[in-house]
Amino acid sequence: MIKRILALLLLPAFSIANDVSDLEEIVVIGSTEDVSSVPGSGLALNIEQLERYDHIDLHQIMAVVPGVYTREEDGFGLRPNIGIRGAAAERSQKITIMEDGVLITPAPYSAPAAYYVPNVSRMNSIEVLKGPSAIRQGPQTVAGAINFVTRPVPDDRVAVVDVSAGTDNFYKAQASYGDRIGETGFIVDIAQLGSDGFKDLDTGGDTGFVRSEVNLKIQQNFDTRRKQQLILKLGWADEDADETYLGLSDEDFKADSDRRYAASQLARFQSDHLTVHVNHGIQWSENLKINTKAYWHEFNRAWNKLDGFIDGPSLKTVLASPNLFQGQYLLLTGDRNSELIDSDILDVTNNDRSYNSMGLQVNISYAFDTGSLIHDLDAGIRYHYDEVDRNHRLRGYFMNDRLMVSDGVQRGSKVLNHQETDAFSFYIADVITYRDLEITVGARYEDIEGERLDKLTGIKRDSDQDNTSFGIGALWHFNDNVSLLAGVYEGFSPASPGSLSVEPEETVNYEYGARYEGPLGRFELIGFFSDYDNLIGRCRVSDADCNPGDEFNGGSIEIAGAEFSGAKAFTLKDGLDLELSFNYTYTESAFQESFLSGFSQWGLVNRGDELPYLPEHMGRVQLGLIAAEWQIYASVRSQSEMREEPGRGDIDSGLHAEDYSVVDISATVQVNENWEVQMLLQNALDEEAIVSHRPFGARPNKPFTAIGRVKYSF
């Protein structure tokens, strides 16, 4: 590892990088206005859009983006489940998640489940990229990428205090201050947010969370012949949440969707996250920009939660058929005391994990002409190392008068392992412009060396993976208003370190469509098709009969769909405008092989079965009324029912999540140049639905929430 880092440090100054609009940060798209010129589909959400409803839940924010699927879990989006164009949403592990162009999840190669994502409240924009342009971002390229762009260092003094309070004792307190002294500037952001939770624990107590964080960005400009910037970014965050994997039976959900059983009383998630980013940008010449980033992250988490019984049926089985497993069901509700037998002892496991990741990446953009062709050459090289240590410690508890009492037996660890990855990647892309035609050609190479050590058995396994993938996209400006686009690229998702019997996930992805921007508004219609050569299923602690981190082959899959979005503004009278926007996504999928899998999310699969957790229909409509000093927005987002196990035909005949529609309302008043007041109604009609039966049992969406917000800037 040391030799590779030293080799990268000695790279010549003209080594290769990503297109940047300025020297400060690497971004995927750049701005909302730049979306129309991207030779693939994507969306950039600016700070005004992010603050419109002031969501802290990334699931709700992603509802604006067609082709992005979410599966809610805790109601607050503490650990998002997000997928793009059919890629599994399970803990967002099949998409590349970045902060300012740097991989930000705890261990993107060794353990890609996104147990940490940045706080959306401190972002300046969020970019989502799909299609051929996604080949630049890896290692997950089967679907797309999300890039969180932090607030830039200001040119002048800026101070903001932002305070919210709402239902279930929700609160958010955030303050930021930035200034510039000569060639040195900085911005510091401090935030804490939390809630008592909307669920009611049978034994009483909080079911909410508290998140805190401090972030500092320092920027130094250099008065040299070539424009240069050096940015140091430091961040600390922690979380303390009374969150559980345990849901409800369907009958109990109908009676009280916000109930939590007594057996979840010991649930607690604790984590801390440290970030160090160093970014150097230089304008080497008029046409050449070079950006170098070094980064280091540390993430520690301990999740103490009910995992089942010491010797008995799985929680999923009990909650699916509580009448057949009445003894275990009554233990979960606390309506029966445990007897001195293993099937009556509750398994509470502390899933303790420590992650580290670090890397160095060098990126370049170089613009040049060859005759009548204009080239924007883009390339990057990265060395990345990450690791995860798992220690899942089992303890047994008796249920006694609705209180859980330790049985005092030392049982050791269920999982005790170490995984690490050394990864070297390189990409190159060229956007070639000829008159009204833009063609993007690109390639990405990944060389991945992994290691897994099972400390319980002493078995150590090494693995090597390498992949070269190609992509091409075209954007034709048919006239001043209409553009046509098409593209094809190869996607790749690596297997975990030490996987010997599982092939990497590989796809060939196609997209094609049209954009319109003119007097009628902005509209986009995109079709997509993904042909998976092999789908990977990855075991989590909520999956029965497998060890966390184990992987399974799912064979070939086909996923197809269409995305339609648009926006139009109308002037009602002087100083009063009406805005309309919408998006809609249709998706269909099919396994191309029949097989029996040990992965509990699949089980018996017949050729032609649809994938779980892919709604056929989803969409969102928003209306806004905007005046000079106030604005009111209302949105309705809907999602059709979706399977939670492979199948075909009537979805209601199998395990499924329900269809639902949620209305959000936002009213904002600009009192004066300093004060802003906002009222938010989230899920204003109090829609109630089973959004998932995973991890264990039926889980609700967040109920009606009212929030008042005051923002003071000076």
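Patches here are built from residues with over 30% relative accessible area and no salt bridge, joining like charges within 9 Å and nonpolar side chains (Val, Leu, Ile, Met, Phe, Trp, Tyr) within 5 Å. The model is predicted, so local features need pLDDT of at least 70 and side-chain atom pairs pLDDT 80 or more, while totals for chains, interfaces and linings use all residues. Residues are numbered from 1 along each chain as its sequence is written, and side-chain values use heavy atoms, with hydrogens and water left out.

**Exercise 1. Find the nonpolar surface patch and say which strands feed it.**

Step 1: pick out the members. They are Trp630, Ile632, Ile665, Val669, Val671, Trp675, Val677 and Val710, with about 630 Å² of accessible area together. Accessible areas come from the Shrake-Rupley method with a 1.4 Å probe, and for residues only the protein chains shown count as cover.

Step 2: map them to elements. Strand 33 (630–639), strand 36 (660–670) and strand 37 (675–682) each give two or more residues to the patch. Helices (H or I, at least four residues) and strands (E, at least two) are DSSP runs, numbered from the N terminus.

Step 3: check one member. Trp630 sits in strand 33 and is partly exposed, at 34% relative accessible area. The scale goes like this: buried is under 20% relative accessible area, exposed is over 50%, and partly exposed is in between (1.4 Å probe, protein chains only).

**Exercise 2. Describe the overall build of the protein chain.**

Step 1: count elements. The chain has six helices and 40 strands.

Step 2: test the compactness. The radius of gyration is 25 Å, close to the 27 Å that the globule rule gives for 714 residues, so the chain is as compact as a globular protein of that length. That radius is taken over C-alpha atoms, and the rule is 2.2 Å times the number of residues to the power 0.38.

Step 3: add extents and surface. The C-alpha trace spans about 80 × 60 × 55 Å along its principal axes. The accessible surface comes to about 27,900 Å², with 55% of it belonging to carbon and sulfur atoms, and buried residues make up 57% of the 714.

Step 4: look at contact range. A contact means heavy atoms within 4.5 Å. Among contacts between residues at least 6 apart in sequence, 67% join residues at least 24 apart.

**Exercise 3. Which residues touch the most other members of the largest nonpolar core?**

Step 1: set the rule. A nonpolar core is a set of buried Ala, Val, Leu, Ile, Met, Phe, Trp, Tyr and Cys residues joined through side-chain atoms within 4.5 Å. In soluble globular proteins, nonpolar side chains tend to be buried together.

Step 2: rank the members. Of the 84 residues in the largest core, Met62, Ile126 and Leu332 touch the most other members. Strand 16 (residues 288–309) supplies the largest share of this core, four residues.

Step 3: zoom in on Met62. Leaving out residues up to four places away in sequence, Met62 touches Leu45, Val68, Thr70, Ile82, Ile126, Val128 and Ile146.

**Exercise 4. Trace salt bridges that join distant parts of the chain.**

Step 1: fix the criterion. A salt bridge needs a side-chain nitrogen of Lys or Arg within 4 Å of a carboxyl oxygen of Asp or Glu, and the structure holds 43 of them.

Step 2: take Arg79 and Glu239, whose closest N and O atoms are 3.0 Å apart. Arg79 is in the loop between strand 2 (68–70) and strand 3 (82–84), and Glu239 is in strand 13 (residues 228–241), 160 residues apart. Both residues are buried.

Step 3: move to Arg709 and Asp162, which meet at 2.6 Å, N to O. Arg709 is in strand 40 (residues 705–713) and Asp162 in strand 8 (residues 158–166), so this pair ties together parts 547 residues apart in sequence. Arg709 and Asp162 are both buried too.

Step 4: widen the view. Arg709 and Asp162 belong to a salt-bridge network that also includes Glu51, Asp54, Arg151, Lys172, Asp189 and Lys711.

**Exercise 5. Flag the unusual backbone spots, starting with the peptide bond from Gly138 to Pro139.**

Step 1: read omega. The Gly138 to Pro139 bond is cis, with omega near 20 degrees, and Pro139 lies in the loop between strand 6 (123–130) and strand 7 (144–150). The Arg694 to Pro695 bond is cis as well, with omega near 5 degrees.

Step 2: read phi. Tyr613 has a positive phi of about 60 degrees although it is not a glycine, and it is buried, at 10% relative accessible area.
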